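Q: Give me a close look at one part of this model, please: the loop backbone. Then tie it to what goes on in the interior.

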Amino acid sequence: MRILIQECKKMLSVRLLLLLALFTVLFYNMFFELNLYPAGGQCTDSPYDMPYAAKLIRKYGSTLPVTEKGKIEKEVEDLKKQSTELIREDSALVKAGISDFDTMMKERGRLADYTDEQMSEKEQKEKEAIMDFTSFETEGEKIMFQIQYANSLLDDFALTDRPEVNLLRSGAFYILQTDMSKMPVMILICYAVLLVAYHVRERIRGVMPLYSTTKTGREIYPIQYLGGFICCLIIGVLQLLAYTIVWYAKGMGIFWQCPAWETRGIECWIKGISFGQYMGIYEILVLLFCIAAMALIYGLARLAQGYITGVVLSIPSCVITGAAGSVIFEGLCSSFNMFSMKMWELYALIGCAVLAVLVVYFRLRWDEKSTHYGCPSKQAY
C-alpha cells in the first residue's frame, strides 16, 4: 500500500495538475456547447428560450397534461400584453401607427418581403423602429422570443400522441449529447499527459532496467498500473463532476427533474428515467470507455523513450480512441433518432472493456517474463 500511494503521488504532481486544469478551461471555452448557454447549443441562437423553459418548469412542473393547454395560452396572452405595453412606450413605433404586438409582427413580416428600394421613406422608418425594438438584446426581443417559444409548446400540445407535454426542450439533450461526445477526447488527453509524463520521468531516472532485471522490481509493474488506474479514475471523476457543477451553476439543474423523452414521440433507449438519471448514466458510460482506453495509453506510455516520443505516440492514440468515443456516444444516447436503435454502440462499449482487460493481462504477463538469461528485454520497459 505504501508503494502504491507513493506511485500515485509521483503521477499527481502539483505542476501537472495545474497544467491539466489549464487545459480543461481552454477545452471548455473552445469546444463545449455548455459554455455557450443560454445562447446557442439548443437548436436556436436565442439566449431566451432555455431560461424561459426553466421558468415554466418552476411554475408548472416538469410536464403539463394536454388538458392544461390553457396555461400556456395564458402565458402567450400575458407576454403579448407585456410587449404591447412596451410598444406603447416606444415613440418611434407609436409614430409608425403600431400599437400592439400582433400589429407589429404582421408589419414585420410584410416589410421583410421588400428591399429598401421598394419601400417608401415611411416604411423604412417603420422597419427600422421594429428592428430596434426586436433586436440588440432589448426587452422587446426577449419577449418576442419567449412568445415564439410558448407558441412552439402549443404546437406540441396539438401534435403529441402522449397524455402530457414535456417542458424539457431538445436543447438540453443537444447540449449534453454534443458535450459528452467530446468529453472522451478531453479526458483521454489528460490520461495521456498523466501516464506519458510519469513513465518518461521513470525512464529518465534510470529505474526501468532495474525493475526488469529483478523479481522484486518486476512486481512494481502491476503496482504502477494500479496506480495509473486509480489516478486516471480520479481525473475522470473530477472532470465529469466539474462538468456537472458547471451545468448546475448555469441554472440547468432544473431540467434534471424532467422525463428523458421528447414530446413528439422520441425517447431515450432506457425507458422511464428522468433527465438527471439519463445524464448520470451517460457520464458513467463515458468514464467506463475512458478507463478502458487508458489501457492502450498505458501500453504506449511504457514504450516512450522521451517526452517527444511520448507526444508522438500519444497524439494518434488520443485521436483514434477519442474519435471512436465520439461516434459511440453521439449515437448511444441520441435523442434525435426517430428509428429504433440497433444498440451496436452499447456492444462496442462492452467490447472496449473486454479488450482493455486482455491488453492489461497480457502486458503484465509479459512484464513477469521480461528477462532472458538475466538481460532485460527492450520491450519490457
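A: First, some vocabulary: a residue is buried under 20% relative accessible area, exposed over 50%, and partly exposed in between, using a 1.4 Å probe and protein chains only. This is a predicted model, so local features need pLDDT of at least 70 and side-chain atom pairs count only at pLDDT 80 or more, while totals for chains, interfaces and linings use all residues. Residues are numbered from 1 along each chain as its sequence is written, and side-chain values use heavy atoms, with hydrogens and water left out.

Now to the loop between α7 (121-134) and α8 (139-159), where F136 sits; helices here are DSSP runs of H or I with at least four residues, numbered from the N terminus. F136 isn't a glycine, yet its phi is positive, about 65 degrees. E137 lies in that loop too, and this non-glycine also has a positive phi, about 55 degrees. F136 is exposed at 63% relative accessibility, and E137 is exposed at 69%.

Another loop, between α2 (14-31) and α3 (49-60), holds P38. There the Y37-P38 peptide bond is cis, with omega about 10 degrees.

As for the interior, the largest nonpolar core (buried Ala, Val, Leu, Ile, Met, Phe, Trp, Tyr and Cys joined through side-chain atoms within 4.5 Å) has 98 residues, and Y191, Y243 and F255 touch the most other members. Helix α9 (residues 170-205) supplies the largest share, 18 residues. Beyond its neighbours within four places in sequence, Y243 is in contact (heavy atoms within 4.5 Å) with residues including Y28, F32, I175, D179 and M279.

Definitions and conventions:
Helix = DSSP H or I, 4+ residues; strand = E, 2+ residues; numbered from the N terminus.
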